[in-house]
Amino acid sequence: MPEELALQVSNLSKRFGGALALDRVALSVRRGEVHGLLGSNGSGKSTLIKVLAGFHTPEPGAEVRLYGHHAPLPIPGPTVRKLGLAFVHQHLGLIPSLSVTENLRLGDLATKSNWHIDWATEFDAAAKVFARYNLALDPRAEVGRLSPVEQALLAIVRAVEDLRGVSKEPGVLILDEPTPFLPRAGVEQLFALVRAAVAEGASVIFVSHDVDEVREITDRATILRDGKLIDTVDTKTTSHDAFVERIIGRSMSAYGGASKALSAAEPQVAIENLSAPGLGPVSLTMTEGEILGLTGLIGSGYDAVPAFVYGARKARTGRLRLGSRSLPLAAIDPQQALSRGIVYLPADRMGAAGVGSLPVSDNVGLPVLKRLKRAIGLFDQDIASHAATLGATAGVKPNIPTLPLSALSGGNAQKALLAKWLQVEPQLMLLDEPTQGVDVGARQDIWDALDRAAAGGACILIGSTDYEQLAQLCHRVLVFARGKVVQELSGAALTKDAIAEACFRSTTLTPAA
Amino acid sequence: MTTPTPQDYERRIAALEQRLHAFEGRLAPPTAGRMNTAFFERYGLVFAWILLILVIGYFKPDQMFSWNSYAAMLGSNAMIVVLTLGLIIPLTTGDFDLSVASTMALSSMIIAVLNVRMGWSIEGAIFMALLAGLAVGAINAFFIIWFGIHSLIVTLGVGYFINGVILWISGSNVISGVSNDLVNVVILTRFLGVPLSFWYAGILTAIIWYIFQHTALGRRLLFVGRGREVARLSGVNVVRMRAGALIASGGIAALAGVLYTGMRGSADPSSALAFLLPAFAAAFLGSTTLYPGRFNAPGAFVAVYFLSTGIMGLNFLGAQSFVQNLFYGGGLIVAVSISQLLRKRRPMD
C-alpha cells in the first residue's frame, strides 16, 4: 500500500569523481513513523540527507516519492518544504540575536511581504504553539540566551510548524544528528517533542551515531555502510549488538591493525586531570616516539583535547608534564607551548592552520623566520627556497612556494602545513583530523611523515574519527564517551573494527578509572 | 663485487624519489604566461602616473613640464605620504584607524599652542605632540582589543572626540607664528631642489618598506591581518601586534602633524581633518601596486603622488577646487574595486 508510505526513495546513487558515495540505496518511511538512519563516517548517510535537501543531484535512475507523488530530481532546495520535507541540522539555523518568535516565524518573515506585523498577536500565536507541544519557551526571549536544549527544541518546532503551514500532508521531518551536544535530560525532552510531532501525523527521520538513542526513539531503522544499504530493521526486535554489527560490518577486518610495538617504557609526556566544560577529568601518558590516537563519537569530547593541551583553548584544570617539567594547562598559551617544543595542527586548514591568501612559502616559513634571516634582513627568495626544500621532502605538488596556499589541493596544503611544524623538530605534536579531505596518496605521505617523526623521538597525539587511519598509524587508541576515556586499545586488539565497535558501544561503557 | 644490501636499494629509491619530486616541482603550471599580467599588475599605477603627466602635459606643457610645479607639489604633499604610511600599519594587521587625521590635527595644534601661546621651545612642543599621538594610539588599542569593539567604531569616536579637544585647546582659532626653525627644516630648506619634507617622507617610506618586507615583524603583522587565528596558533602575540600597530599609526600621524605645522607655520583647528580620505584613498590605491594585494609603503608613496599629480594637473586645466573631492573620493572607490578584482571579488573580511 503506497499510501501508507510518507517517503519512498529507491535506486538512489551518487558518484563523487571516481568514488560511489551512494550505491542504489533505498529508504522507505511510513506515515507517523520515527525512522532511524545509522552508519559510521563515510557510510553515505549525510550524502543521502544532502540529496533529499537538494544539495546534491543524484545519478539518473533514482526515484523519490512523497506521499505517493514523484518528487522532481534534483530536489529543488528552496521549495523543499512545499514537497513536505523539513530539516533540522546540527547547526540549527537560528539567529541568536533575534527573539524566539522572530526565529519561529523566520521563514515567513524572510519571504512574505508583510507591511504590518502585529507583534502582540505573533507572541500569542507562538505561545499557543509552544503550549501545544508542552514546551516552556518564552516567545519574547532572545534565542542566544536559551540553553542548547531549548534552541534545539525551538528549531524542531519551527520545522514541524513550517511543514504544517505549507504542505497538505503532515510531512517528513529530518533530524540530522540533533543530540550529540545535548545533556541526557535534554535528549529526553527532544524525544518527547519528536513523539508529539509524530502523534500529529508527521514522520521523522532520525540520523544519529548513537545506537542507544536510535533504539529508544525509532520504530524502524535503516543502516548504511560504504554507500550501500545494509538493512532496514524493526528496532524493537534488534539488539544493540545486532546494530553495531551491521554498522561496522565484518568484511572490514582485512584492514587489520599495524600492531606497532614500542620499545621505550618511560613516559615522556603526561596529561593529568585535564578538565573543561563537557570534558574530563582526562589523564593520559605517552612514551617517547609513541603515536597515540584519541577518538569517540561526535560530542564525546576527544576532539578538543589537542587544543586544550596546546592552550589554543583554555582548560579549566589539569597539568602537562613534559620530560621533567610540569606546567598547569589553564595557564598555557600557544607561545609558551611552542617554546617547549609542542606544536598543534588544527583541523580547520584554511581558517586556523594556514592563510590561503598568502604564499606557501610565508605559511611554511612563519615559525623559523629567525633562522632564515640574513645579516641585513629577511628576503622572499630565502623563504621561498627554504619552503621549496621542505616541500620537496614532504612531496608537495606542485612545489612552487610562491603560489598562494589556497591554490594547493587539500592533501598538498596539509603536507605543507605539516612540514611547517615538523621542521621545528617538536617533542610533542598535537594533530586534529590530520587527513580530513585528503586524497589517498597524500594520506600515505602524511602517515609516513608522522611515522618518521615518531621514530625520531617525537610524541604524537592524534584526534580523529577515521578508524582506519587510527588503526594503521597509532600505537594505542583511547576511546572517549561523555568527556571521559572509556576504553584503551593497543597491540593486536587495535583494528579498524575494534575501534568502531568501541565507539558505538562507548555510550554503554563506564569511564575507566 | 659486493651484492647490494636492502639498505642500498632503499637509499637509491629515496634518491630517485627526491629527483622525481624535484622534477614534478619543475613540471608544475607554467608561470611564464602570467608574467605579463603580473608585471602590469605591479607597475600599472606607475605607468598610469606617467601617462597622466603626458596627457595633461599635452594640453598644458608649460606648467605640467616645469620642475617648479613638481618641487612644490612633492614638498606640500609629504605629510599625506606620512599619514598614509601610518595608516597602512593597522590596515595590515586588520584594523581601521579613522582617527589618523584628527591625531595629525591634534599634534599640529599642540605644537602651536605650546610653542606660540605658552612659549615652549619648538623641540619640547614637538616631543609633546608625538607623545600625544602615541597616547591616542594606545587609547584606540585599549578599546579595540580589551573591549573587543570593532576598530571602525572606536577610531571614529576617538577621532571625533579629538576634534573636540582641538577646538577646546585652540579656542577655535587659527594659531600662527610657530617657530621659524621648524618651517626652515620642513619646507624652506631644499635638497636637490625639493623641500626637505619630501625627503623625510621618502626616508619613512624606506623604513616601513624594510620592516614590512625584510623583517620577521613585518611577516607577523601580515599574518595577524590575514589570519588572526593562524597567527595566534603559530605563536604570534596577536594582542601585542595589533596594539603596536595602532600605537605606531598614532605616532606617525603625529609626525605628519609636525610636517603640516612646519609647512604652514601655523595650526588651524579644522583643515587637517580633510586629509582622512586622501590617506585612505592612497593606502588602498597603493595596495594595488608594487606588492599587489598588500598594503605597502612604496605603493602608498606612489599612490599619494599619483593622486596629487592628478589634482595639480586638473587645476592647471582650470578645474575648480571641488575636483579634489571628486578625484580622491573616486580614487578610493576605483582603488578598492581594482583590489577586489585582484581578489576575484571574494567578499571583504
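What follows is a short working chat about a predicted model with chains A and B.

Q: Which helices and strands are we dealing with in chain A, in numbers?
A: Chain A has 19 helices and 20 strands. This is a predicted model, so treat the description as one of a prediction.

Q: What about chain B, how many helices and strands?
A: Chain B has 16 helices and four strands.

Q: Back to chain A. What does its radius of gyration say?
A: The radius of gyration of chain A is 25 Å, and a compact globule of 513 residues would come out near 24 Å, so the two agree. Along the principal axes, the C-alpha atoms of chain A fill a box of roughly 75 × 55 × 45 Å.

Q: And what box do the C-alpha atoms of chain B fill?
A: Roughly 95 × 55 × 40 Å, again taken along the principal axes.

Q: How much of each chain is buried?
A: In chain A, 48% of the 513 residues are buried. In chain B, buried residues make up 46% of 349.

Q: What share of the contacts joins residues far along the sequence, 24 or more positions apart?
A: For chain A, 69% of the contacts with a separation of 6 or more are between residues 24 or more positions apart. For chain B, 77% of the contacts between residues at least 6 apart join residues at least 24 apart.

Q: Where do the chains touch, and how many residues does each give?
A: Chain A contributes 28 residues to the contact and chain B contributes 23. On the chain B side, the elements giving two or more residues are α1 (6-27), α10 (196-214), α11 (216-226) and α12 (228-233) of chain B.

Q: What classes of residue are on that side of chain B?
A: Nine nonpolar, nine polar and five charged residues make up the side of chain B that touches chain A.

Q: Different topic. Which domains is chain A divided into?
A: Domain 1 of chain A covers 34-50 + 90-249, and domain 2 of chain A covers 255-508. Their C-alpha centres lie 35 Å apart.

Q: How many residues does each domain put into the contact between them?
A: Domain 1 of chain A gives eleven residues, and domain 2 of chain A gives eleven residues. On the domain 1 side, α8 (211-217) and α9 (240-248) of chain A each supply at least two.

Q: Which of those gives the most?
A: α9(A), with three residues. By class, the domain 1 side that touches domain 2 of chain A has six nonpolar, three polar and two charged residues.

Q: Now the six-stranded sheet. What is the strand order?
A: The order is β16-β17-β18-β13-β19-β20 (chain A), in an open sheet with mixed pairing. β16 (342-345) and β20 (484-490) of chain A are the edge strands, each pairing on one side only. Ignoring direction, neighbouring strands are turned by 20 degrees against each other on average.

Q: How do β17 and β18 of chain A run, parallel or antiparallel?
A: Parallel: five bridges join β17 (residues 428-432) to β18 (residues 459-463) in chain A. As one bridge pair, Met429(A) has Ile460(A) in β18(A) as its partner.

Q: Which helices lie across strands of that sheet?
A: Among them is α17 (residues 440-455) of chain A, lying across β13 (291-296), β17 and β18 of chain A at about 145 degrees to β18(A). Helix α19 (residues 496-505) of chain A lies across β13, β19 (476-481) and β20 of chain A, at about 165 degrees to β20(A).

Definitions and conventions: Residues numbered from 1 in each chain as written. Chains lettered and ligands numbered in written order. Predicted model: local features only at pLDDT ≥ 70, side-chain atom pairs only at ≥ 80, totals over all residues. Rg over C-alpha atoms; globule rule 2.2 N^0.38 Å. Buried ≥ 20, exposed ≤ 12 C-beta atoms within 10 Å, placed from the backbone. Contact = placed C-beta atoms within 7 Å. Nonpolar A, V, L, I, M, F, W, Y, C, P; charged D, E, K, R; others polar. Domains from an automatic or database assignment. Pairing = 2+ DSSP bridges. Axes fitted to C-alpha atoms, helices over the stretch in contact; angles between N-to-C directions.
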